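Dear colleague,

I am handing over the structure we spoke about, and I would be grateful if you could look through it with the notes below beside you.

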Amino acid sequence: MSGPVTTLESRPKVADASHPSSACVKVTESRESQVGEIRVRRALPTKGRRTVGAWCFADHMGPADVTENSGLDVGPHPHIGLQTVTWLIDGEVLHRDSLGSEQVIKPGQLNLMTSGGAVSHAEEATGHYRGTLEGIQLWVALPEHTRHGAGAFEHHTELPQDELDGAVATVLIGDFGNLTSPARRDTPLVGVDLTMHGPTTVPLRPDWEYALVVLEGALGVADQPLPPGKLGYLGQGRDELRIDAREPTKALLLGGEPFPEPIMMWWNFVARNRDEIDAAYASWAKQDDRFGRVKSTLPLIPAKAPFWH
């Protein structure tokens, strides 16, 4: 479910007036994109909205019909400067990476891959699952002190949950109320799956910014509707949020301390400048040893030259 990020989305983030310091509800459209064999809705990044905390990418995948041998089918491709967070609503996906990891992920489980300075991976059909595939992949921008470090992979089969009035909250990453996810985090942030059957109130931190992405159903915030296919950016300044749901709804609450470092995104790379992206692009094009090798039968995905070439 990784990338690619296009020219429109790749401009470096500078002091950005689109990130207000006060509470708000700003609704933006997701964009249709193609990842492997499956269409996705890309809620983040978009023009004018690069990050929410350290979250810098959100692709809602499917629902799509897959077979044992044909599914997501994203061949080996490289990453720098980010973490990939994979969360499924339905189906199964096989993850393979250059660290030697080979892991099937199912609904209710979390895959977290940290690229550090360089990693490559593939996302494949499992060889045994046939049915519907739906989920979301998120990227987290790594801060300066870890973005050049070693790659890592985590798979979590159990995540903390809490019963709220009208919802069940599952904490993917970070702290939420009295719950803490076991997943690694390199900056102050949170990701929460909200499975809603009625109106609910969720706790927030006034100094963090937040957004909502609806995967199934529909909800409303401050009398504004938020259906699937849109990002609801919430700004900062709230200590709690009232969410209205009049039908069964599944949504992700994403939040964190506003990311202080300017980033540049191109293809599957999160960097700080063009030189870093050029070096990563050249390494992948030459297939030198930087990104290692993935034991996958799928073909390597070639890098598209950056727009400044």
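What follows is an account of what was found in this structure, beginning with the strands and going on to the cavities, the pocket and one proline.

Please keep in mind throughout that this is a predicted model.

On the strands, there is an open sheet of 7 strands in the order 2-3-4-11-6-9-12, and the pairing within this sheet is antiparallel. Its edges are formed by strand 2 and by strand 12, which covers residues 152-156, and each of these two pairs on one side only. Neighbouring strands of the sheet are turned against each other by 20 degrees on average, with direction ignored.

At the edge that begins with strand 2, the pairing can be followed in some detail. Strand 2, residues 31-35, and strand 3, residues 38-44, are paired in the antiparallel sense over 5 bridges, and valine 35 stands opposite isoleucine 38 of strand 3. The two strands form a hairpin with 2 residues between them, and in that turn glycine 36 has a positive phi of about 60 degrees. Elsewhere in the sheet, strand 6 and strand 9 run antiparallel and are joined by 5 bridges; glutamine 83, for its part, has threonine 114 in strand 9 as its bridge partner.

Turning to enclosed space, how many cavities of 30 Å³ or more does a search of the whole structure find? The search finds 3 of them, and the largest has a volume of about 70 Å³. The lining of this largest cavity is made up of Thr84, Thr86, Val93, His95, Ile105, Asn111, Leu112, Met113, His121, Glu123, Gln137 and Phe153. By class, that lining has 5 nonpolar, 6 polar and 1 charged residues. At least two lining residues are supplied by each of strand 6 (82-90), strand 7 (93-97), strand 9 (110-114) and strand 10 (119-124), and the largest share, 3 residues, comes from strand 9. Strand 9, joined to strand 6 by the bridges already described, is thus also a contributor to the lining of the largest cavity.

The second largest cavity has a volume of about 50 Å³. Val66, Thr67, Gly71, Leu72, Glu92, Val93, Glu124, Ala125, Thr126, Tyr129 and Leu133 line this second cavity, and by class its lining has 6 nonpolar, 3 polar and 2 charged residues. Val93 is found in the lining of the largest cavity and again in the lining of the second largest.

Among the pockets, the largest has a volume of about 150 Å³. The residues that line this pocket are Ala218, Leu219, Gly220, Asp223, Asp244, Ala245, Arg246 and Glu247, and by class they comprise 3 nonpolar, 1 polar and 4 charged residues.

Lastly, there is proline 248, whose place is in the loop between strand 22 (240-243) and strand 23 (249-256). Is this proline buried or exposed? Proline 248 is exposed, because its relative accessible area is 69%, and the cut-off for exposed is over 50%. Leaving aside neighbours within four places in sequence, proline 248 is in contact with Met196, Glu216 and Gly217. Proline 248 and histidine 197 are 51 residues apart in sequence, while their C-alpha atoms are 4.8 Å apart in space.

With kind regards

Methods
Residues are numbered from 1 along each chain as its sequence is written. This is a predicted model: local features need pLDDT of at least 70, side-chain atom pairs count only at pLDDT 80 or more; totals for chains, interfaces and linings use all residues. Side-chain values use heavy atoms; hydrogens and water are left out. On a 1 Å grid over the protein atoms alone, a cavity is a set of points where a 1.4 Å probe fits but cannot get out, and a pocket is an open set with protein on both sides within 12 Å along at least five of seven lines; lining residues have an atom within 4 Å of a point. Grid points are joined across faces, edges and corners, and a volume is the space filled by probe spheres set on the points. Helices (H or I, at least four residues) and strands (E, at least two) are DSSP runs, numbered from the N terminus. Ala, Val, Leu, Ile, Met, Phe, Trp, Tyr, Cys and Pro count as nonpolar, Asp, Glu, Lys and Arg as charged, and the others, Gly among them, as polar. Buried means under 20% relative accessible area, exposed over 50%, partly exposed in between (1.4 Å probe, protein chains only). Contact means heavy atoms within 4.5 Å. Two strands pair if DSSP finds at least two bridges between them. Axes are lines fitted to C-alpha atoms, for helices over the stretch in contact, and angles run from 0 to 180 degrees between N-to-C directions.
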